Every structure is written in structure tokens, then in C-alpha cells.
Amino acid sequence: MAEKSPDFSGSVDQCPALSPEQRMQSPGIGASKWVRLNVGGTYFLTTRQTLCRDSKSFLYRLCQADPDLDSDKDETGAYLIDRDPMYFGPVLNYLRHGKLVLNRGLAEEGVLEEAEFYNIPSLIRLIKDKIRERDCKTVQLPIKHVYRVLQCQEEELTQMVSTMSDGWKFEQLVSIGSSYNYGNEDQAEFLCVVSKELHNQSYGTSSEPSEKAKILQEQGSRM
């Protein structure tokens, strides 16, 4: 006679469902892998392995529960970090894949500030190199020139040449005939084209001209 198999249908205990926060905090259910961060009110979810990528960083100490590190948690169990979440994103992505990726509108200086706060030396060096590279490209922009046309008489040419300074140089001299001065001989008149390099100065920048530059301006106002 065959024995009946025991019926456990009425004796099986059902495990209560856990919320995501409880699963993260429960031993053996992802507690050692996933970490939740609240950076300036924005939540980030990442792994301990990512945050521990650099053993000298603030984030590494955070994951190690460093007793000297005063770190609070919010009601969800996320670590509270009072920093800009927009600039934390590039820092976290760097720890994930080792590349610096900046979204449009983010400045390298802002990410550098965060890298220094979190104490990630390799990222600090990388951003400083990118800033130097960017600044070198700015310096190597094409040189722009500003041109002026000055009208003068023959006897004024020598004076104008002697007062030509502040980076101004002759480009072209054009004779426009002569003018009649009562009681004197006719004086030949010229148009003198001069130029000056701008050296990446902004057109909106105002500065007081030197005395020699004022002389050139006075001579140019005769036109």
C-alpha cells in the first residue's frame, strides 16, 4: 500500500514583501553592494565597488563607515551630502568608467571643485589638464586687427611717425592732392591707414588711451 505524501500546503510560512529601502538595509539582500546617496536633494544609486574606486576619496571613507567622518542619513537611509548634484554626476560617472564626460553647460572648473571636495587625485589631474588644453586653444585664436584712417598734411607726417606707438603701424599712405593755405604755399594732404592688433581684447572693454594714442585720435578726427 503506497504511502501518502505529506501535505505542506497548509504549513508553509509566507515571507513578507520588503520595500526597496528594507531590501537595501537587510543583511544578505544587497546590503553590501548598493549605496543610495542624497546629493543636494537629488538621489543617486550606485555600488560600493564604484564608490570605493579610489581609496583616498571621501566616498571610499563613506562606504567604510569611517568613525572620523560625520555622515548623516535621511529617512530613506541615503547618505546626505550637501553638494551640487549637477556636478556630482560627472564625478560619479568617472568612478564608474574612468572617463570625464561633461554635459553642455557644465564648466570644467565646477567639476574640479567637486573632485577636490571628494578628494579624487586622478580626476583632479585630468580636469586640470583639460583646463590647460582649453586655455591654450583660446590663446591660439586668430589675431584680429583694428584699422584707422588718418588725414594729415605733409608737414605733419614726421610728427605722426614719431608719435606712432602703442602697437600702431603704417599700412598705406594715399595722396589726396593739396590744400590752399592763405599766405602760405600749398600743402600736400595724405590719408594714412594704420592698424593695431587687438590681442583678444573685448570690444566692450574701456580703457584710458595713452597720450600718444590721443594724438592719433585727434589727427583722425579731422576727417
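Is F117 buried, partly exposed or exposed? F117 counts as partly exposed, with a relative accessibility of 35%. That value falls between the cut-offs of 20% for buried and 50% for exposed. The model is predicted.

## Aromatic pairs

A pair of aromatic rings is described by two quantities: the distance of the centres and the angle of the planes. The count of aromatic pairs here is five. One of them joins F88 and Y118. Their ring centres are 5.4 Å apart and their planes meet at 55°, so this pair is tilted. F88 belongs to helix α4, residues 85-97. Y118 belongs to helix α5, residues 108-118. The pair therefore ties together parts that are 30 residues apart in sequence.

Y118 also pairs with F117. Here the centres are 4.9 Å apart and the planes stand at 85°, so the geometry is edge-to-face. Angles over 60 degrees fall in that class. F44, F58, F88, F117 and Y118 make up one aromatic cluster.

## Burial in and around the cluster

Which side of the burial cut-off does F88 fall on? F88 has 0% relative accessibility, so it counts as buried. Y118 is likewise at 0% and counts as buried. F117, at 35%, is partly exposed.

Helix α5 has further buried residues besides Y118. Among them are E108, G110, V111 and L112. E114 and A115 are buried too. Just after α5, N119 adopts a positive phi of about 55°.

## Arginines over rings

Where does R83 lie relative to F117? R83 sits over the face of F117, at 4.0 Å from the ring centre. F117 thus appears in three settings: it pairs with Y118, belongs to the aromatic cluster and has R83 over its face.

A second arginine, R36, lies over the face of Y43. Its distance from the ring centre is 4.2 Å.

## The β1-β2 hairpin

R36 also has a place in the strand pairing: it stands opposite L45 in β2. Strand β1 spans residues 34-39 and strand β2 spans residues 42-47. The two pair in the antiparallel sense, over six bridges.

How many residues separate the strands of this hairpin? There are two residues between β1 and β2. G40, in the turn, has a positive phi of about 60°. In a regular strand, side chains alternate between the two faces of the sheet.

Terms used:
Residues are numbered from 1 along each chain as its sequence is written. This is a predicted model: local features need pLDDT of at least 70, side-chain atom pairs count only at pLDDT 80 or more; totals for chains, interfaces and linings use all residues. Side-chain values use heavy atoms; hydrogens and water are left out. Two strands pair if DSSP finds at least two bridges between them. Helices (H or I, at least four residues) and strands (E, at least two) are DSSP runs, numbered from the N terminus. Rings of Phe, Tyr and Trp (its six-membered ring) pair if their centres lie within 6.5 Å; planes under 30 degrees apart count as stacked, over 60 as edge-to-face and the rest as tilted. Buried means under 20% relative accessible area, exposed over 50%, partly exposed in between (1.4 Å probe, protein chains only). A charge sits over a ring if NZ of Lys or CZ of Arg is within 6 Å of the ring centre and within 35 degrees of the ring normal.
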